[in-house]
Amino acid sequence: HRRHARASTGASNTGEVGMAPVEYWQFLPPLAGRAVPGAGSVAFPTRCFKSVTVSATLDKSKMELTAEIDALNAADSGVGGSLCAETLVLYAGGAVSIDLALWDQLWHKQKLKIKKGHSDFLWDAETNGLRVFYSTQPVLGTIVSLLETAAYCLTSDLSFSGRLDPATEMNGAMMANSYTPIGTGFVPATANATAAYPDAAAFVASIRSGDVLAATRLGPVDTVFNFLQSENVAHVSVVACPAGGEGTASCVVCESRPQANFWLSANGVQCHAAATWFQLVQNISNNVVHLPLRDDVRANVNSNALMAEAHEYIGIDYGYQNWGFAWLDGDGNMPCFPMSAAPDAVVNSTHCLSFDLAQMAFAFLDDVLPSFGAYFLGEGLNNRVQHTKGEFPGLRVTACFERAWTEHGWNTTQLLAQPEVDTWTYYSLRGGEIYNGTVYSAAKYVCTVLRAGGALPTTPAY
């Protein structure tokens with residue numbers, strides 16, 4: 001109760017462990033600086049020391065980077081006693097080293113060897129240097145922060161459905177400036193909401209080809225993702241009707257959706273009769289709204305073409321391979337984390353996901369769980385650097401970073417910001433069989449169907 005009460009006021013973003021504050025999201029350490037071999041060291045103040053200096057030397061013959069940490073002239077840590085604990089995380093080329101020492105406040109000196117047997121490790125160490133991430137907490141405090149944050153997300157009311165208006169959010173491109181709630185859990189947040197559909201018959205009678213159905217999930221994990229993406233539309237579906245069948249039982253609702261035990265469906269692209277889909281929505285804790293097309297956009301829709309495209313991809317597994325790139329889209333626009341559970345919560349700008357941290361996490365995941373990392377990240381990066389894939393998964397994550405720089409002149413920020421291209425292929429499953437072709441997250445699928453049906457332009461920008 002103490003934690004939640006404090007969070008609701010926005011006064012603090014810390015939990016308590018004994019007398020030491022442990023901040024939410026503290027397990028994501030900020031970047032303190034880069035130590036490029038032969039180009040100088042990085043120095044910064046810490047909670048324990050007035051100055052910590054980190055330098056790096058590279059032995060190319062051994063593919064080894066030596067990090068030297070030198071901290072002198074102790075500051076008053078406020079903890080008491082002669083010992084003070086904090087953590088440095090060092091990263092280069094897919095290799096991570098952590099200094100977890102309980103530091104004596106009078107003097108601390110440490111040498112760490114970082115080694116990786118790949119040529120892209122040398123490239124990364126020389127080009128980007130040793131990245132130094134600093135946390136004010138020792139490893140125990142970092143673990144406690146992770147647990148505190150998880151508890152905060154899983155037990156707090158993180159539903160931000162009142163923050164953004166689905167109609168306003170999607171109105172700029174093609175949607176009418178009104179929406180109709182679907183499902184029993186929806187509470188209209190703005191004047192743009194009309195009365196909810198009383199039953200499936202009323203819903204079916206109102207839908208037309210190309211209309212979008214947008215969902216805001218109310219589960220704790222989903223609402224955190226909504227916040228990270230700065231939106232309250234977590235999933236989208238599209239209506240498809242044959243020509244002359246608008247508003248009748250021949251209409252279907254199509255989507256690309258991960259398999260879930262609360263949804264009567266398989267994994268991936270699927271279509272349901274509109275009345276069946278409406279009934280399914282009543283059984284889950286989603287806020288769902290019907291967003292009709294604007295009249296001028298609807299005039300361009302070819303219902304038969306839209307219906308054919310919607311059915312073209314049925315059975316392809318959900319496109320996790322390109323899902324994450326939808327919101328890692330540019331420098332200065334990375335997700336930050338909520339410091340309050342209130343609907344009008346401010347963003348905790350102290351703890352935002354940085355490209356340096358994302359790069360370390362991607363490469364580390366690729367090294368520790370290569371199949372998992374390749375599935376969620378590697379194939380998308382391979383496509384972005386235009387690598388002709390052979391056997392799954394293609395180039396390592398760090399090798400993709402190297403190729404992006406050496407062949408395209410892109411830094412990591414620019415690489416991640418490259419937009420998805422419709423013709424890119426991925427290894428996946430279709431109907432349980434091995435499949436190598438295009439895959440679809442929810443948004444990509446809806447945009448593909450709308451473009452084929454005439455609701456979106458066919459230029460590459462769309």
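A residue is called buried here when its relative accessible area is under 20%. I start with that cut-off, since most of this talk leans on it. What you have on screen is a predicted model.

Let me take helix α15 to begin. In α15, the buried residues are Ala 442, Lys 444, Tyr 445, Val 446, Thr 448, Val 449, Leu 450 and Arg 451. That is eight of the eleven residues of the helix, which runs from 442 to 452, so α15 is largely enclosed by the rest of the structure. Just after α15, Gly 454 has a positive phi of about 95°.

Stay with Lys 444 for a moment. It is one of the buried residues of α15, and it has two kinds of partner. Lys 444 is linked with Arg 384 and Glu 420 in a network of salt bridges. Lys 444 also lies over the face of Tyr 440, 5.1 Å from the ring centre.

Now the chain as a whole. There are 15 helices and 22 strands. Of the 462 residues, 50% are buried. Among contacts with a separation of 6 or more, 66% are between residues 24 or more positions apart. The accessible surface comes to about 20,200 Å², and carbon and sulfur atoms account for 57% of that.

Next, salt bridges. The count is twelve, and I will go through three. The side chains of Glu 64 and Lys 113 meet at 3.9 Å, N to O. This pair links distant parts of the chain, with Glu 64 in strand β6 and Lys 113 in strand β11, 49 residues apart. Buried or exposed, where does Glu 64 fall? Glu 64 is buried, because its relative accessible area is 15%. Lys 113, at 54%, is exposed.

The second bridge joins Asp 120 and Arg 396, at 3.0 Å, N to O. Here the partners are 276 residues apart: Asp 120 is in helix α2, and Arg 396 is in the loop between α12 and α13. Asp 120 is buried, with a relative accessible area of 5%.

The third is between Arg 257 and Glu 255, at 3.5 Å, N to O. Arg 257 is buried at 3% relative accessibility, and Glu 255 is buried at 0%.

On to the aromatics. There are eight aromatic pairs. Tyr 318 and Tyr 320 form one that is edge-to-face, with 4.8 Å between centres and 70° between the planes. Tyr 318 counts as buried, because its relative accessibility is 7%, while Tyr 320 is partly exposed at 28%. Tyr 320 also pairs with Phe 376, and that pair is tilted: 5.4 Å centre to centre, 55° between the planes. Tyr 320 sits in helix α10 and Phe 376 in helix α12, 56 residues apart, so to speak of the pair is to speak of a link between distant parts of the chain. Phe 376 is partly exposed, with a relative accessible area of 22%. Elsewhere, Tyr 197, Phe 203, Trp 277 and Phe 278 form one aromatic cluster.

Last, the surface. Which residues make the nonpolar surface patch of about 520 Å²? They are Val 96, Ile 98, Phe 364, Val 368, Leu 369 and Phe 372. Strand β9 and helix α11 each give two or more residues to this patch. Val 368 is found in helix α11, and it is partly exposed at 46% relative accessible area.

Key
Residues numbered from 1 in each chain as written. Predicted model: local features only at pLDDT ≥ 70, side-chain atom pairs only at ≥ 80, totals over all residues. Heavy atoms only, no water. Patch = residues over 30% accessible without salt bridge, like charges linked within 9 Å, V, L, I, M, F, W, Y side chains within 5 Å. Areas by Shrake-Rupley, 256 points an atom, 1.4 Å probe, with all protein chains shown as cover. Salt bridge = Lys/Arg side-chain N within 4 Å of Asp/Glu carboxyl O. Helix = DSSP H or I, 4+ residues; strand = E, 2+ residues; numbered from the N terminus. Buried < 20%, exposed > 50% of the residue type's maximum accessible area, 1.4 Å probe, protein only. Phe/Tyr/Trp six-rings, centres within 6.5 Å; stacked < 30°, edge-to-face > 60°. Lys NZ or Arg CZ within 6 Å of the ring centre and 35° of its normal. Contact = heavy atoms within 4.5 Å.
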